[in-house]
Structures are given as C-alpha cells and as structure tokens.
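Here are a few exercises to work through with the model open on your screen. Try each task before you read its solution.

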Amino acid sequence: MKIIVCIKQVPERDARLRIASDGKSIDETGLATEINESDQYALEAALRLVEEHGGEVVVACLGPDAAQESIRRALAMGADRAIHLSEDAFQDGDAAATARALAAAIETEEEVDLVMAGLQSDDAGWAQTGVLVAERLGWPSATLIMEIEAEEGGLKVKRELESGWFQWVRLPLPAVLTIQSGINTVRYATLKGIMGAKKKEIKTLSPDHLGLDAGDVGEAGRRIEIARLYEPEKTAEAEMIEGDDAVKAADVLVDRLQKEARVL
Amino acid sequence: MAGAIWAVTESGGDGLKPVSHEVIFAAQVIGDALDMPVEAVVTSAGDGDAAEQAAAREVGCVRLIEDGKLAPYTPDAYTAALRRAIEAEEPGLVLFPHTYQVRDYAPRLAAALDTGFVSDVVGHRVEDGDLVLVRQPYQGKLNADCVFTGEGPNLASLQAGAYLGDEAARGESPAEIVEVDVDLSDVEVRTEVLDTFQEVEDTVDLSRSDVIVAVGRGIGDEENLEIVRELADALGGQLAASRPVCDNEWLPMDRQIGSSGQTVAPRLYVAVGISGAIQHIVGMKGSQTVVAINKDPDAPIFAVSDYGVVGDLFEIVPELTRRVKEVKG
Ligand SMILES: Cc1cc2nc3c(=O)[nH]c(=O)nc-3n(C[C@H](O)[C@H](O)[C@H](O)COP(=O)(O)OP(=O)(O)OC[C@H]3O[C@@H](n4cnc5c(N)ncnc54)[C@H](O)[C@@H]3O)c2cc1C
Ligand SMILES: Nc1ncnc2c1ncn2[C@@H]1O[C@H](COP(=O)(O)O)[C@@H](O)[C@H]1O
C-alpha cells in the first residue's frame, strides 16, 4: 500500500504566542514547534498499515524551510521519504489554497492508494484540508477515523460521531481519511531512526512542477482573508486567585466555595 | 454578496437539532444587517417534522431537499445535493452548524464550488456593509477576523452555542415549504454505511455526580494522577478527564468530558490542567460552579470559570486537598 500522510508543523502546545507586527499572523522567531497532534496519529496509523501489508509511507508538508524539522522527525519515526512545499509562493494560504497545492503534489506521485491527514490543525483549526484534498483528487473520503481495517480493494473504517456514537463505513481505494487523536499510541523515534532519517529523500516541488499558477496557491490563492489576529477580550467573570502561594490560594478558594458558592 | 442567506439545518429522529435553530437565528441577524433574505434548508426525509419546525421560524421559505440517496448520510450524496441546490438557487451565503456531519462534507462542497469556507465561527460584525466572521484559531487562544475574497456563494459553519437558538424569531404564519429537485440518481455514492452504534462498556454515568474533578494534559503523566484522585476523594466527587488524558490511556474513555465524551452539569466542576478547548467546554458548561487551576493566566478555561487559580497544579492541588479535608472534618 502506498500512503501519503499530510503533516503540518505547528507551534508547540504551551508555546507563548506573539502576534506579528502585521497584526495578522504569529511571530515565528524562536517559536518551538511540533508535528500537529492528529497528524502524528495519522502517521502512526500509516506506518502500522505498511508494516502489516507492505508498501511505502510518504509525508507531504506545506510549510517554510523551518518545517524541515518536523519532516525529519516524521522520517525518523519511519516514513520512507518526504515532499516539502517550501517555496514562498505556497505559504500563508487558507485551507483552500493549501489543499490545492497538496492535492497537486499528491498527483505527481504514482499509484497512491491512500492519503491520510489529521482531522484538524492545532493552529489554524479549519478542519477542512484533508476533505478538500479528497474532493480535489476526486476520491472518496471518511473523517474522524478511530480504527482502520484493510480489505480486498478497500478499507473498513470506524468513524467517531457525536456523543459517544460510532459508525463503521466501507470505502474503495484510493481514498482519503482524516484521523482523530487517540486512534493508536504514537511511537517515539529511535536513535537508529534518527540516524537513518538523515539519508532519506526530501523532494521540494515548485508551483510550476505542480502545473499551478502562483495565483492558485499561498496568499494569492486564498478564498478567505484574515483581516486581523488578536487576543480575545477577557470575558472573565471569574474571580482570579493568585496561586504563587499555594497555601493561601487553597484557603481563599475553599472559603469562597463554602461561603459564596455554598458547594462545600 | 448577493442573493439569500441559507441556514442549512440538521435533524434527527425528533426533528430539527438545537444547533439548527442557532443557525436560523444567525441567518436572521446577519440577513437583517446585510439586507439579505433568509431561507432555511432541510435535507432528507423522515426526520420528524423538521421542515414544519423550520417553517415556523421567520424565514422567507424552507427549501426541502429530498432524495432516497440522502439516507443514510454519506458525504458523496450530501455534497452533490447541496451543490446542485446552490448552483440552481444561487444563495450568497450558506450557513451550517459546525457538526461532525458538516465537517465531513462541507469542505468537499467548498472545493466543488471553489469557494471560501469559514469554519467554526463564533461571532460576526458588519463593517462598511461587509461581513466579518470571527473564529478562534490556536485552540481558542486567539481571535481571527475573516472576510471572503469572492462574491459567493460563500460558506460558513457556526460553533455550537455561539448563537442562541431560542432567540430565532417565529413567523406570524408558517413559511412556504419549497421542494428543490436535485435528482441524485446519477450520483455514485462510494462510501457504504455498515453499522451505527453506541459503545457501552461498563460506562460510569458521570452525569449524576454532584462533584466532578476533571484532569487534563497539564498533569503530564499517568503516575501524577494520584494527587487529583485524592482531591476528588476529599471532595466526595468523581474523577473525570479531558480527551488527551483518555487518548493516552491514563484514564478510561468513559471518564471523558466533552463533545465526544459525556455531558455533565454537577454542582461543582474542578478543571485541573485543562486549557478549555470548545470541545471540552460543551461537555461541562452547564455546571453550577466551575473552578479552574491552570498555570497559564490566558487559558480559555478561565472564561467559563467562577474561580480561577493561576499557578502550578502540583503545588496547588495537594494544598487544596489538605484544606478541603480540614473544613470537611
Ligand atoms: C472533533 C473533536 C472532538 C473532541 N472531543 C473532545 C472531548 O470530548 N473532550 C475533550 O476534552 N477534548 C476533546 N477534543 C480535544 C480538544 O480540542 C482539546 O485538544 C483538548 O480538550 C485539550 O485537552 P487539555 O486541555 O487537557 O490539554 P491542553 O490543551 O494541552 O491543555 C493543558 C493545560 O494544562 C496547563 N498546564 C500545564 N502544566 C500545568 C501545571 N503544572 N499546572 C497548571 N496547569 C498546567 C496548560 O497551561 C494548558 O492550559 C476534541 C477535538 C476535536 C477536534
Ligand atoms: N500546510 C500543511 N501541510 C501539510 N498538511 C497540512 C497542512 N495544513 C493542513 N494539513 C493537513 O490537514 C489537516 C487539517 O488541517 P486544517 O484544515 O488546517 O484543520 C492537518 O491535520 C494536516 O494533516
């Protein structure tokens, strides 16, 4: 099975976010990053399928040069090679522009059976890109996947629905799946994996290679403009208790819970 | 943007789901501000009185899209049906609830129409006659103002609870129900639905608990859970968790609170090391008193809390346990 996994590099979970001087984006200088959480689960799921059924795992990443760090990490975890859309023209797109580029990059690969993406990026959070790619490729899709069983010519997958419901769905290959966090336990890269990753191929492609105009991708290809990025207004009706002195904080909180909220 | 605003509804066995009224209300408010007519869209047959319920709201009409291929739900059939309806009627703006079903097919629809889709919207403003949609990227830590670059039909999905469904205006008389002919007989549905089920493995019913202490990824590791368990015991409450804690199998799935877990409304909810993502908040926002303990003063959980302690949970939780034991004797 040949599987392409879309991975996005995002700010580390607890990273302190600073808004850049353009007022529309995040200042990325010195920002610690990681592979988007659900993409890690998607990569793990792909590696397991190929370990069981044979084949190849290729990661595809649209992001600046700095995203090589995440690509190397994915290669160290066991992906065979990578496609990196790093040219400036690709950057700062919305989900529509990003998916257009990723789909075109996937089309340069031969005989792909399966594309996997995370269900949602932890930074932009569009929850769109994987499904957009599916429509661009003209392939069937299933989202929020929690289990995958390979069958003759297709897949049986378990989808998560709302409020504790699930659904088994069958679909033919080639197909696109978006993976929900928790589907498996993500492996760590081994030292051997990290050493091996250095020798693995990272292919960079330009819009030209993909048969796309510069106007189709990146900022120019957007269907949505981010006019402004800002801190939400504090709606905190909460009484905030300073926690530097834990003993005092505990005393104050218990007092409030007893006397004001009357829940103790 | 020219044309109508569509409020695409979702229904279950009892008719319209609550989120559908939220979408109708949002369409009414935005329609008022932009002077665009509002129409409700009801898909699929057999879902109670969904079309009649939508028609009771103040809408120009209800567009009913019926076809045998729409049940059970599949992304192929829904994408084709909505695409045909939109291409025939040319609405300017199509609003959806941000449900799992909409996540599953609306991006396909956006790609098929090659249009903009602002997902998970929490509010809007109208500036110089232009619609600005507000969403919360970076896990709800920041706000982003979004505008469409094209004339439409444009798409947007609304976060559950962002608009108040109860406020959707009712019409003086029922609106007309107009059938939209989408004839899906030529559409190939590639996914086959095999089985839809609820998983019931010795589920603890947290919805009955009076006191819940919920722990998040801030706890760092399974072995640290003990301090939170002790607090729950001291308070006489149940231990619960955010999704990552269950994903990591530090606690079983049936302890998860949120959109893919349980919905609870205890007298006291203590959130320890939980950031307050919307998918968590929908499961606990009905709680009477909410306490959050988090080292990040900007954590979104504080916005839905009554008491917030900013600090290191590893220092605060044991002290809190000690103090609770003292006063409870
Ligand atoms: C479709 C979908 C469904 C989902 N369903 C659910 C669901 O049902 N339930 C759910 O919970 N989530 C759900 N999620 C995930 C959700 O989006 C968040 O990712 C998740 O809730 C985050 O969990 P968390 O707050 O524990 O972790 P994080 O967001 O990582 O937050 C950890 C917090 O701990 C704090 N912290 C760290 N160390 C300390 C310390 N020493 N002292 C004090 N504070 C500390 C940090 O400041 C941070 O705020 C869903 C997501 C999607 C996309
Ligand atoms: N720049 C990118 N490069 C590679 N994959 C991406 C990129 N952006 C989004 N994706 C994939 O699409 C998923 C959903 O992202 P989003 O639509 O932004 O929520 C992510 O989890 C990734 O798998």
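**Exercise 1. Find the ring under the charged end of Lys158(A), then do the same for Arg228(A).**

Solution. Keep in mind that this is a predicted model.
- Step 1: Go to Lys158(A) and look for a ring; its charged end sits over Phe166(A), 4.7 Å from the ring centre. That passes the distance cut-off, which is within 6 Å of the centre.
- Step 2: Move to Arg228(A), whose charged end sits over the ring of Tyr230(A), with 3.9 Å to the centre.

**Exercise 2. Work out which aromatic residues of chain B are linked into a cluster by ring pairs.**

Solution.
- Step 1: Use the pairing cut-off, ring centres within 6.5 Å. Over all chains, that gives five aromatic pairs.
- Step 2: Follow the pairs in chain B, and you get a cluster of Tyr73(B), Tyr78(B), Phe96(B) and Tyr105(B).

**Exercise 3. Describe the interface of chain A and chain B: how much area is buried, and how many residues take part?**

Solution.
- Step 1: Start with area, since the size of an interface is often given as the accessible area lost when the parts come together. Here chain A and chain B bury about 7400 Å² between them, and 53% of that is on carbon and sulfur atoms.
- Step 2: Count who is in contact: 88 residues from chain A and 84 residues from chain B.
- Step 3: Look for polar links across the interface. There are 43 residue pairs in polar contact, taking pairs with both residues at pLDDT 80 or more.
- Step 4: Ask what chain A brings to its side. Several elements supply at least two residues each, among them helix H1 (37–53), strand S7 (141–151) and helix H6 (246–259). H6(A) gives the most, with 10 residues.
- Step 5: Sort the side of chain A by class, and you have 44 nonpolar, 15 polar and 29 charged residues.

**Exercise 4. Pick out a salt bridge across the interface and one inside chain A.**

Solution. Side chains of opposite charge can pair when their charged atoms come close.
- Step 1: Get the totals. The whole structure has 47 salt bridges over all chains, and 12 salt bridges are found across the interface of chain A and chain B.
- Step 2: For the interface, take Asp114(B) with Arg223(A); their closest N and O atoms are 3.2 Å apart.
- Step 3: For chain A, take Glu37(A) with Arg13(A), where the closest N and O atoms are 3.2 Å apart. This pair links distant parts of the chain, 24 residues apart: Glu37(A) is in helix H1, and Arg13(A) is in the loop between strand S2 (9–11) and strand S3 (33–35).

**Exercise 5. Where do Pro174(A), Pro153(B) and Glu111(A) lie, and what does the backbone do there?**

Solution.
- Step 1: Leu173(A) and Pro174(A) are joined by a cis peptide bond, with omega about 0 degrees. Pro174(A) is in the loop between S9 and strand S10 (175–179) of chain A.
- Step 2: Gly152(B) and Pro153(B) also share a cis peptide bond, with omega about 5 degrees. Look for Pro153(B) in the loop between strand S9 (143–148) and strand S10 (154–158) of chain B.
- Step 3: Glu111(A) is not a glycine, yet its phi is positive, about 50 degrees. You'll find Glu111(A) in the loop between helix H3 (95–107) and strand S6 (114–118) of chain A.

Terms used:
Residues numbered from 1 in each chain as written. Chains lettered and ligands numbered in written order. Predicted model: local features only at pLDDT ≥ 70, side-chain atom pairs only at ≥ 80, totals over all residues. Heavy atoms only, no water. Phe/Tyr/Trp six-rings, centres within 6.5 Å; stacked < 30°, edge-to-face > 60°. Lys NZ or Arg CZ within 6 Å of the ring centre and 35° of its normal. Contact = heavy atoms within 4.5 Å. Buried area = accessible area lost by both parts, 1.4 Å probe. Salt bridge = Lys/Arg side-chain N within 4 Å of Asp/Glu carboxyl O. Polar contact = N/O pair within 3.5 Å; in protein donor to acceptor, adjacent residues only side chain to side chain. Helix = DSSP H or I, 4+ residues; strand = E, 2+ residues; numbered from the N terminus. Nonpolar A, V, L, I, M, F, W, Y, C, P; charged D, E, K, R; others polar.
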